[in-house]
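Thanks for coming. I will go through one structure today, starting with a sheet and ending with a few single residues. Please have a look at it first.

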Amino acid sequence: MFNFDPNHYPYASRRSAVYARRGMVATSQPLAAQAGLAVLQAGGNAIDAAIAAAAALTVVEPTANGIGGDAFALIWHQGKLHGLNASGAAPQAISIARLSAAGHQSMPKYGALPVTVPGAPGAWASMAERFGSLPLPQSMAGAIALAQDGYPVSPVVAFAWQQAHALFRREFKEPHFQSWFDTFSIEGRAPRAGEIWRSQGHADTLRAIAADGAAGFYRGALADQTAAFVRAAGGCLDVADLAAYRPQWVDPISCNYRGYDVWEIPPNGHGLVALLALNILQGFDFSQRDSLLTYHRQIEAIKLAYADGLAHIADSGHMRVSVQDLLSAAYADERRKLIGERAAWPQSGQPPRGGTVYLSTADDQGNMVSFIQSNYMGFGSGLVVPGTGIALHNRGNNFTLDAFHPNCLAPGKRPYHTIIPGFLTRGGAAVGPFGVMGGFMQPQGHVQMIMNTVDFGLNPQSSLDAPRWEWESGNNVSIEHTTAEHLLRGLRGLGHEASWSASQLGFGRGQIIWRDSHGVLCGGTEPRTDGCIAAW
């Protein structure tokens, strides 16, 4: 057998944009894309395909999402865009006082305390009920088979799995973390690229969710088991928290950028940050993508947008300023004036990184889906409900314990959320879904994808191939190693604390599908991961 490194690519490679007419599924994993395509070919629509791919991704990319995570969707159906917020709330028994009494000065990253109600199973069931054309057992059959029969782990996922396994082995000593190792280890280690991994518990849970539309996950045996496990691990989640959960259909928010409407989910998600930045940037003229002035203005706009986002975004009922006021032209004009010739220091937090999966689907009926789900930091909390494959997320880590902040921890409240699906329309017609996963990189990726498309005329694949940057905090900016060196040096000269990054897992991972006026689909997939487009 050949002895090669599946993550070593010493030579420049190229992917072409993919065209199709009858259907398309773009995901970070080939097997998930194929699961979605199989559903399309069996008579399902784009919504059914999105459910199929999303459920499959919990199996083939558990390093970034799982059954115990949250999800959001933007769904184009019969000429209208619909938003789905399937993020969960904090348990009713949790409070700032309780955590402070236990000695916490900030929300913990791992363990039971940052576990909020998982929303992903509710998202799949709600999408199927409202817009699907196939029963859930048929849409989820591919994911169930992958978990039951096993699959060869892909290269980038294997790398992330090994990183997480080393971290968890070093940090997690308490007995309640043992089920994570029981579920996600092979002979006491992380699986290698090409090695077969399977999970009977994961298959059984997916089968149960498909059979009853997630009813048992929230109000049945799985709910009882999940709540009991979290409580035993020192958390606050109760069966009543799970039973009360319902995903929320919402009206998407948008800004018009040079004749195109860019759509995001409203808060508690931070898609608002991307819209704020685009509102600022459309007051400038851009002729070259890879110019110092373009980079400088993009970065400064993101910094200003995040200063607002981190100060104001919270669960919608707790925000103290309106989305409409923040997105007004007058406010964008005011913020734009703050961009000068040199880097400015914003008043903002310290954005962490997260783990997420994003997918896009389209069919020949005109339906299109932009879907994202996540366990937040890689595998999430590090807790897996024994025997079920349910890896619980740690989304509660995004709360603050500052009681005066709109995003402060409170019972039954949803935290500031980093995962955001995007959608583009023009003149009331769908152009298509797009997204870039990756924690606080996501609004920054959205801005770069939209500008690559609208300002610089790049096709979907080139838009994703292009070098990226990520603002981190203060004047700190990470620049992807494929960026021209003169841009790095130029940014430093303007006061940006810019540095190279060759991180294999950094700068987000995206998918794009555009539909032209003739109904032809054109898609691009992420070269920084195991991305794939399945087309029909």
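How many bridges pair strand β19 with β20, and in which sense do the two strands run? Strand β19, residues 509-515, pairs with β20 over five bridges, in the antiparallel sense. Before going on, some ground rules. This is a predicted model, in which local features need pLDDT of at least 70 and side-chain atom pairs count only at pLDDT 80 or more, while totals for chains, interfaces and linings use all residues. Residues are numbered from 1 along each chain as its sequence is written, and side-chain values use heavy atoms, with hydrogens and water left out.

On terms: strands are DSSP runs of E with at least two residues, helices are runs of H or I with at least four, and both are numbered from the N terminus. Two strands pair if DSSP finds at least two bridges between them. pLDDT is the predictor's confidence in each residue, from 0 to 100. The protein chain has a mean pLDDT of 94, and 98% of its residues reach 70 or more. Over residues 348-353 the pLDDT is below 50, and this stretch has 19 contacts in the model beyond near neighbours in sequence. Contact means heavy atoms within 4.5 Å.

Back to the sheet. Seven strands form an open sheet, in the order β1-β20-β19-β15-β14-β9-β8, and the pairing is antiparallel. At the edges are β1 and β8, residues 253-257, each of which pairs on one side only. From one strand to the next, the twist averages 20 degrees. Angles here run from 0 to 180 degrees between N-to-C directions, and axes are lines fitted to C-alpha atoms, for helices over the stretch in contact.

Now β20 itself, residues 521-525. Are its residues buried or exposed? Five of its five residues are buried, where buried means under 20% relative accessible area, exposed over 50% and partly exposed in between, using a 1.4 Å probe and protein chains only. In a regular strand the side chains alternate between the two faces of the sheet. For β20 both faces are covered: Leu 521, Gly 523 and Thr 525 are buried on one side, and Cys 522 and Gly 524 on the other. On the β19 side, Leu 521 is the bridge partner of Arg 515. The hairpin of β19 and β20 has five residues between the strands, and Gly 519 there takes a positive phi near 90 degrees. Strand β1, residues 18-20, is joined to β20 by three bridges and runs antiparallel to it. Ala 20 stands opposite Leu 521.

At the other edge, five bridges join β8 to β9, residues 260-264, again antiparallel. Cys 255 stands opposite Val 262 in β9. Helix α13, residues 271-281, lies across β8 and β9 and runs at about 20 degrees to β8. Helix α17, residues 442-454, also packs on the sheet, touching β8, β9, β14, β15 and β19. The direction of α17 makes about 135 degrees with that of β15.

Next, the aromatic rings. Rings of Phe, Tyr and Trp (its six-membered ring) pair if their centres lie within 6.5 Å; planes under 30 degrees apart count as stacked, over 60 as edge-to-face and the rest as tilted. By this rule there are 24 aromatic pairs. In one of them, the rings of Phe 168 and Phe 172 have centres 4.4 Å apart and planes at 35 degrees, so the pair is tilted. Phe 168 is buried at 2% relative accessible area, and Phe 172 is buried at 8%. Both belong to a cluster linked by ring pairs, whose members include Trp 180, Phe 181, Phe 184 and Phe 379.

His 165 has some of those residues around it. This histidine is in helix α7, residues 155-171, and is buried at 6%. Among its contacts, leaving out residues up to four places away in sequence, are Trp 180, Phe 181 and Phe 184. His 165 and Phe 379 are 214 residues apart in sequence but 9.7 Å apart in space, C-alpha to C-alpha.

One last residue: Tyr 218, in helix α10, residues 215-219. At 3% relative accessibility, Tyr 218 counts as buried. Beyond four places in sequence, Tyr 218 touches residues including Val 117, Pro 118, Val 239 and Tyr 245. That is where I will stop.
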